[in-house]
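The exercises below deal with contacts, cores, sheet order and charged pairs. Each task is followed by a solution in steps.

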Amino acid sequence: MIAHRIRFCTARLRFPVRKLAPSQRCRLNSTSASPVTIHGSFSGPTLEAIASQIDQIAPRIDISAEQIEILDGPKEFFDTLKQKIRKARKRIYLSTLYIGKTEHELISTVHEALAQAQELQVSILTDALRGTREDPDPSCASLLASLLASFPERVEIRMYHTPNLTGLRKRSIPKRINEGWGLQHMKLYGIDDEVILSGANLSSDYFTNRQDRYHVFSSKRVSDYFSRIHHTICSISFLLQASPSLSSPSHNLIWPSSNPAPNPLQDPKSYIKAATSLLLPFSSPTASP
């Protein structure tokens with residue numbers, strides 16, 4: 001359910017499968033859903049039959065294998081992310097649980113890209129609970145406030161807050177435990193017409209020694225699709241505001257009146273209803289770009 005945990009795997013990406021050696025091949029029947037046996041150990045519907053069934057319940061984006069790159073490790077992930085950010089010309093959208101409060105190199109890279117490309121727009125989405133955990137000490141929110149203060153017209157910072165943690169429950173549950181009631185957990189790193197789908201957050205351990213998965217999709221259709229999901233979640237999230245002081249920017253979270261859902265802390269039931277209505281279409285077959 002969207003109110004509990006937001007995940008990014010709403011679209012099925014389809015691309016050619018590599019050719020298998022004769023000993024690895026299985027029999028595919030495109031006209032029936034008769035069982036197929038692989039080495040005598042598994043039987044079930046053909047892959048084409050399964051794909052056809054999935055097409056009826058979820059969106060599909062057809063791309064070629066050449067449009068996908070799999071990165072090997074955390075260092076390559078960080079280097080690739082910085083390289084693509086530096087080359088960004090029109091848009092950067094980053095959805096993550098949090099950005100490490102000391103990730104000055106990453107923020108400096110985004111700052112550099114904004115200074116070089118005057119038409120570049122940056123949108124960053126994090127979780128509100130994790131992003132403000134250390135407040136009033138240095139936090140993800142305070143780090144992002146410095147970027148926002150430098151480019152207030154071209155940077156938007158949004159923080160999703162679960163509607164499941166309100167009132168007395170929110171006031172009484174300790175910060176390091178309250179994340180169990182719901183988080184913004186998408187990991188979408190979009191730059192222009194490319195997007196990296198990953199499980200890695202944007203912090204030093206994920207950039208150095210914490211292995212995760214990293215798939216780079218060089219496809220405008222894929223990047224556009226996940227951009228729409230990103231911005232829809234942004235539209236039902238809190239907006240980070242920063243003071244104009246560049247030397248010591250302060251910050252606070254507000255709920256814009258233009259958001260298409262009520263404040264989740266004030267009317268959680270109506271928020272869930274509105275959020276569900278906004279997000280369900282992305283899982284429909286007709287949502288395929």
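Contact here means heavy atoms within 4.5 Å. The model is predicted.

**Exercise 1. Contacts and nonpolar cores**

Task: state which residues F77 is in contact with, leaving aside its neighbours within four places in sequence, and which residues of the largest nonpolar core touch the most other members.

Solution.
- Step 1. With neighbours within four places in sequence set aside, the contacts of F77 are L71, Y189, I196, A200, N201, L202, Y206, F207 and Y214.
- Step 2. The largest nonpolar core has 43 residues, and those touching the most other members are F77, L81, L144 and L202.
- Step 3. The element that gives the most to this core is helix α5 (residues 140-150), with seven residues.
- Step 4. There is also a second, separate core of 26 residues; I61, I68, I233 and I236 are among them.

**Exercise 2. The sheet and the helices on it**

Task: give the order of the nine strands in the open sheet, then find which strands α2 touches and which strands α5 lies across.

Solution.
- Step 1. The strand order is β6-β13-β12-β11-β7-β8-β9-β14-β15, with mixed pairing.
- Step 2. β6 (68-70) and β15 are the edge strands, each pairing on one side only.
- Step 3. On average, neighbouring strands of this sheet are turned by 20 degrees against each other, direction ignored.
- Step 4. At the β15 edge, strand β14 (residues 238-242) and β15 run antiparallel and are joined by four bridges. Q241 has N252 in β15 as its bridge partner.
- Step 5. Helix α2 packs on the sheet and touches β6, β7 (91-95), β11 (188-191), β12 (194-198) and β13 (214-218). The direction of α2 makes about 35 degrees with that of β11.
- Step 6. Helix α5 lies across β8 (121-127), β9 (155-160), β14 and β15, and runs at about 65 degrees to β14.

**Exercise 3. Salt bridges**

Task: for the salt bridges R86 with E112 and K220 with D224, state where the partners sit and whether D224 is buried or exposed.

Solution.
- Step 1. Side chains of opposite charge can pair when their charged atoms come close. The cut-off applied is a nitrogen-to-oxygen distance within 4 Å, and the count by this rule is 15 salt bridges.
- Step 2. In the salt bridge of R86 with E112, the closest N and O atoms are 3.8 Å apart. This pair links distant parts of the chain: R86 is in helix α2 (residues 74-86) and E112 in helix α3 (residues 104-116), 26 residues apart.
- Step 3. R86 is partly exposed, at 32% relative accessibility, and E112 is partly exposed, also at 32%.
- Step 4. K220 and D224 form a salt bridge at 2.7 Å, N to O. Because they are four residues apart in helix α9 (residues 220-235), about one helical turn separates them.
- Step 5. Buried means under 20% relative accessible area, so D224, at 18%, counts as buried. K220, at 47%, counts as partly exposed.
- Step 6. Salt bridges also link K75, D79, K82 and E105 in a network.

**Exercise 4. A loop residue**

Task: locate N263 and state whether N263 is buried or exposed.

Solution.
- Step 1. N263 lies in the loop between β15 (251-254) and α10 (268-279).
- Step 2. The relative accessibility of N263 is 11%, so this residue counts as buried.
- Step 3. Not counting residues up to four places away in sequence, N263 touches F238 and W255.

Methods: Residues are numbered from 1 along each chain as its sequence is written. This is a predicted model: local features need pLDDT of at least 70, side-chain atom pairs count only at pLDDT 80 or more; totals for chains, interfaces and linings use all residues. Side-chain values use heavy atoms; hydrogens and water are left out. A salt bridge is a side-chain nitrogen of Lys or Arg within 4 Å of a carboxyl oxygen of Asp or Glu. Helices (H or I, at least four residues) and strands (E, at least two) are DSSP runs, numbered from the N terminus. Buried means under 20% relative accessible area, exposed over 50%, partly exposed in between (1.4 Å probe, protein chains only). A nonpolar core is a set of buried Ala, Val, Leu, Ile, Met, Phe, Trp, Tyr and Cys residues joined through side-chain atoms within 4.5 Å. Two strands pair if DSSP finds at least two bridges between them. Axes are lines fitted to C-alpha atoms, for helices over the stretch in contact, and angles run from 0 to 180 degrees between N-to-C directions.
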